[in-house]
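Reader: I would like to learn how to read burial, strand pairing and pockets in a model. Please take me through them one at a time.

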Amino acid sequence: MTHYLDFEKPLAEIEGKAEELRALARRNEGMNVEDEAAALDSKAASMLDELYDNLSPWQKCQVARHPERPHCGAYIDRLFDEFTPLAGDRNFAEDLAVMGGLARFHDRPVMVIGQEKGHDTRSRIEHNFGMARPEGYRKAIRLMQMAGRFGLPVITLVDTPGAYPGKGAEERGQAEAIARSIETCLQIPVPLVSVIIGEGGSGGAVALASADRVAMLEHSVYSVITPEGCASILWKDAEKMREAAAAMRLTAQDLKKLGVIDRIIPEPRGAAHRAGTEAIDAVGTVIAEMLGDLADHKGTALMKQRRQKYLDMGAATLAA
């Protein structure tokens with residue numbers, strides 16, 4: 001059963017009517033409703049295009065959070081061969097919100113790391129809804145450092161509402177772990193490419209996305225805080241999330257103009273949750289291109305180039 005977002009309700013009605021007609025025809029063999037159903041399908045397709053061509057920033061947030069949107073595990077399963085998961089931070093525990101390991105990408109050994117939200121109630125709880133604790137970031141640090149030692153490119157897939165804000169996480173040094181992860185991103189002597197595949201929330205996202213090349217899926221979002229959190233701080237009202245989303249400039253299109261990301265990856269008609277395989281393949285193509293751009297860059301020169309990228313970004317005015 002398709003999960004429809006709030007702004008898709010008119011579309012749900014049309015697609016529901018088409019399905020009702022076809023169900024009626026299946027129960028009555030002599031009934032021919034295909035012309036009427038096809039007309040409804042055509043109307044639904046036009047409405048789908050119109051909706052997704054004119055999404056507001058808040059609607060993009062809803063799309064980025066869609067429960068049927070492909071998550072990190074789906075990308076790893078389709079794009080990478082011989083994936084060998086590596087677990088634990090060698091300090092406290094294993095954190096299932098962050099998954100990573102050795103793999104082959106286009107027959108090239110790489111290290112892949114990403115945040116996994118889960119796809120049903122059990123797995124979402126198991127993966128803590130993609131919100132990593134300090135041990136998750138320390139695991140990412142360990143894997144990135146391993147990749148640096150063995151000369152393996154690092155690919156990160158970002159999809160998190162933010163780092164876990166619980167008491168235990170703070171007691172174990174959440175802020176320090178995130179800062180060390182960002183530092184490691186900037187210091188490894190191998191190519192690092194990152195793709196925001198859903199939500200890129202706060203320092204929890206930056207900890208894996210301080211990369212040589214950063215791409216975003218067309219309907220993903222990337223921001224310092226969730227719109228609800230921003231609205232709660234600025235207006236003392238979480239229901240102002242629509243205004244907050246518009247003010248935060250968190251869409252891929254805004255961030256490309258601001259120079260925060262390097263590429264936007266188009267999504268299939270109706271977004272990634274309607275054609276997951278097609279969306280994943282598009283991401284794979286862009287990852288290959290970004291790694292190709294960095295093929296001749298390595299070591300100290302690559303690290304200096306990466307560092308300068310972020311110094312330049314900070315020096316540029318973002319007030320416009």
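Author: Begin with burial: a residue counts as buried when its relative accessible area is under 20%. Keep in mind that this is a predicted model.

Reader: How many residues of strand 5 are buried?

Author: Ten of the ten residues in strand 5, which spans residues 192-201, are buried, and the strand is mostly covered.

Reader: Next, pairing. How many bridges join strand 4 to strand 5?

Author: In general, two strands are taken as paired if there are at least two bridges between them. Strand 4 (residues 154-160) and strand 5 run parallel and are joined by six bridges. To find the register, look for Val154, which stands opposite Leu192 in strand 5.

Reader: How many bridges join strand 5 to strand 6?

Author: Four bridges link these two strands, which run parallel, with strand 6 covering residues 213-217. Val193 stands opposite Arg213 in strand 6. Between the two strands the chain passes through helix 9 (residues 202-209), making a right-handed β-α-β crossover.

Reader: In which sense do strand 5 and strand 7 pair?

Author: Strand 5 pairs with strand 7 (residues 221-223) in the parallel sense, over three bridges. One place to check is Gly201, whose bridge partner in strand 7 is Ser223.

Reader: Now pockets. How much space lies in the largest pocket?

Author: The largest pocket holds about 350 Å³ of space. Its lining has 19 residues, and those closest to the centre are Val206, Tyr222, Leu255, Val260 and Met313.

Reader: Which elements give two or more residues to the lining of the largest pocket?

Author: They are helix 8 (174-187), helix 9, strand 7, helix 12 (252-258) and helix 14 (299-315). Helix 9 provides the largest share of this lining, three residues.

Reader: How does the lining of the largest pocket divide by class?

Author: The count is 15 nonpolar, three polar and one charged residues.

Reader: What volume does the second largest pocket have, and which residues line the second largest pocket?

Author: The volume of the second largest pocket is about 160 Å³. Its lining consists of Arg65, His66, Pro67, His71, Lys117, Gly118, Arg124, Phe129, Met131, Pro161 and Glu199. By class, the lining of the second largest pocket has four nonpolar, three polar and four charged residues.

Definitions and conventions. Residues numbered from 1 in each chain as written. Predicted model: local features only at pLDDT ≥ 70, side-chain atom pairs only at ≥ 80, totals over all residues. Heavy atoms only, no water. Buried < 20%, exposed > 50% of the residue type's maximum accessible area, 1.4 Å probe, protein only. Right-handed = clockwise from strand over helix to strand, strands pointing away. 1 Å grid on protein atoms, 1.4 Å probe; cavity = no way out; pocket = protein on both sides within 12 Å on 5 of 7 lines; lining within 4 Å. Points joined across faces, edges and corners; volume = space filled by probe spheres on them. Nonpolar A, V, L, I, M, F, W, Y, C, P; charged D, E, K, R; others polar.
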